[in-house]
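Okay, thanks for coming, everyone. Let me put the chain up on the screen, and then I'll walk you through a few residues and the overall build.

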Amino acid sequence: PSRLPDLIDSVNQLSAWFQSNVETLPPELINTITSGLSSVGASIIDIVANFAGATVSWVSHFPTWILFVMFTIMTTYFWSVGKHNYRKYFRESLPKRWIKTAGGLYRSMIGALIGYFRAQLIIMCANFLVMLLGLTILGVDYNILLSVILAILDFLPSIGPGTVLTPWALYNIITGNYTLGIGLFLLYLATMGMRQLLEPRVLSRQIGLHPILTMA
């Protein structure tokens with residue numbers, strides 16, 4: 001909140017600079033800029049309308065999702081309570097060769113899953129060190145805590161540290177702190193490069209696949 005007036009002043013200065021320079025442009029170019037801004041405004045209106053429609057659709061499907069979650073929880077509970085009886089029934093009913101094959105497949109899946117999480121932990125620790133080094137060089141306060149948070153975000157699928165570093169960098173560039181903004185962008189690129197370099201190699205070792213198959 002304390003930086004909000006500075007941000008508003010920066011936007012006002014940019015707007016005033018734009019208006020003063022637009023007046024000196026040829027009329028044809030002004031018309032082109034105006035039509036372009038109108039197109040952008042129409043696109044924003046379409047995006048807002050689509051978002052509102054998606055929100056209404058989500059709300060309308062909410063009772064169905066609640067029912068699905070309740071059904072899933074109840075089914076999981078009853079399956080967990082009677083799992084020993086189900087296991088005994090399958091062992092007595094199925095051929096022993098099938099049971100042996102299913103047991104080997106189950107152990108392989110559990111081993112691969114553990115190896116995957118172990119690989120992700122190694123990559124997360126490596127990115128933690130990279131982010132700690134970068135934030136320390138940039139002189140950011142609470143660099144250890146921020147590095148831990150960013151490393152955890154890097155572990156989560158479809159989120160990543162870019163959800164924090166990108167808006168943070170843009171804010172600093174808008175407010176005139178170009179060194180920190182560009183540094184955060186470079187730090188984000190460094191973490192992405194580190195993951196792309198390490199992930200195929202580490203996953204292949206932990207899961208037991210060739211690096212090319214891991215990349216695929």
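Let's start with Trp79, which sits in helix α2, residues 27-81. Helices here are DSSP runs of H or I with at least four residues, strands are runs of E with at least two, and both are numbered from the N terminus. A word on where this comes from: it's a predicted model, so local features need pLDDT of at least 70 and side-chain atom pairs count only at pLDDT 80 or more, while totals for chains, interfaces and linings use all residues. Residues are numbered from 1 along each chain as its sequence is written, and side-chain values use heavy atoms, with hydrogens and water left out.

Back to the tryptophan: is Trp79 buried or exposed? Trp79 counts as exposed, because its relative accessibility is 52% and the cut-off for exposed is over 50%, with buried under 20% and partly exposed in between, using a 1.4 Å probe and protein chains only. Now look across to Arg201: the two are 122 residues apart in sequence, and their C-alpha atoms are 38 Å apart in space.

Next, helix α4, which covers residues 96-138 and holds Met109. Met109 is exposed, at 53% relative accessible area. Its C-alpha is separated by 44 Å from that of Val48, which is 61 residues away along the chain. Ala102 is in helix α4 too, and this one is partly exposed at 44%. From Ala102 to Leu156, C-alpha to C-alpha, you get 30 Å, with their positions 54 residues apart along the chain.

Follow the chain on from α4 and you reach Tyr142, in the loop between α4 and α5. What's unusual to look at here is the backbone: Tyr142 isn't a glycine, yet it has a positive phi of about 55°. Tyr142 is also exposed, with a relative accessible area of 67%.

Now for the inside. Which residues touch the most other members of the largest nonpolar core? They're Met131, Leu135, Leu150, Leu184 and Leu187, out of 13 residues in that core. By nonpolar core I mean a set of buried Ala, Val, Leu, Ile, Met, Phe, Trp, Tyr and Cys residues joined through side-chain atoms within 4.5 Å. Two or more residues each come from α4, α5 (143-155), α6 (162-174) and α7, and α4 gives the largest share, four residues.

Zoom in on Leu184. Setting aside residues up to four places away in sequence, Leu184 touches Leu135, Leu138, Leu165, Trp168, Ala169 and Asn172, where a contact means heavy atoms within 4.5 Å.

Helix α7, residues 178-208, also holds Thr191. Why does Thr191 count as buried? Because its relative accessible area is just 2%. Beyond its neighbours within four places in sequence, Thr191 is in contact with Asn127, Val130, Met131 and Pro161, and Met131 is one of those core residues I listed a minute ago.

Okay, zooming out. The chain has eight helices and zero strands. How does its radius of gyration sit against a compact globule of 216 residues? The globule would be near 17 Å, but this chain has 27 Å; that's taken over C-alpha atoms, and the globule rule is 2.2 Å times the number of residues to the power 0.38. The C-alpha atoms fill a box of roughly 90 × 50 × 35 Å along the principal axes.

As for burial, 18% of the 216 residues are buried. Among contacts with a separation of 6 or more, 48% are between residues 24 or more positions apart.

Last one, for the charge fans: the 13 positive and 9 negative charges have mean positions 40 Å apart. Lys and Arg count as positive, Asp and Glu as negative, and His and the chain ends aren't counted; each charge is placed at NZ of Lys, CZ of Arg, CG of Asp or CD of Glu.
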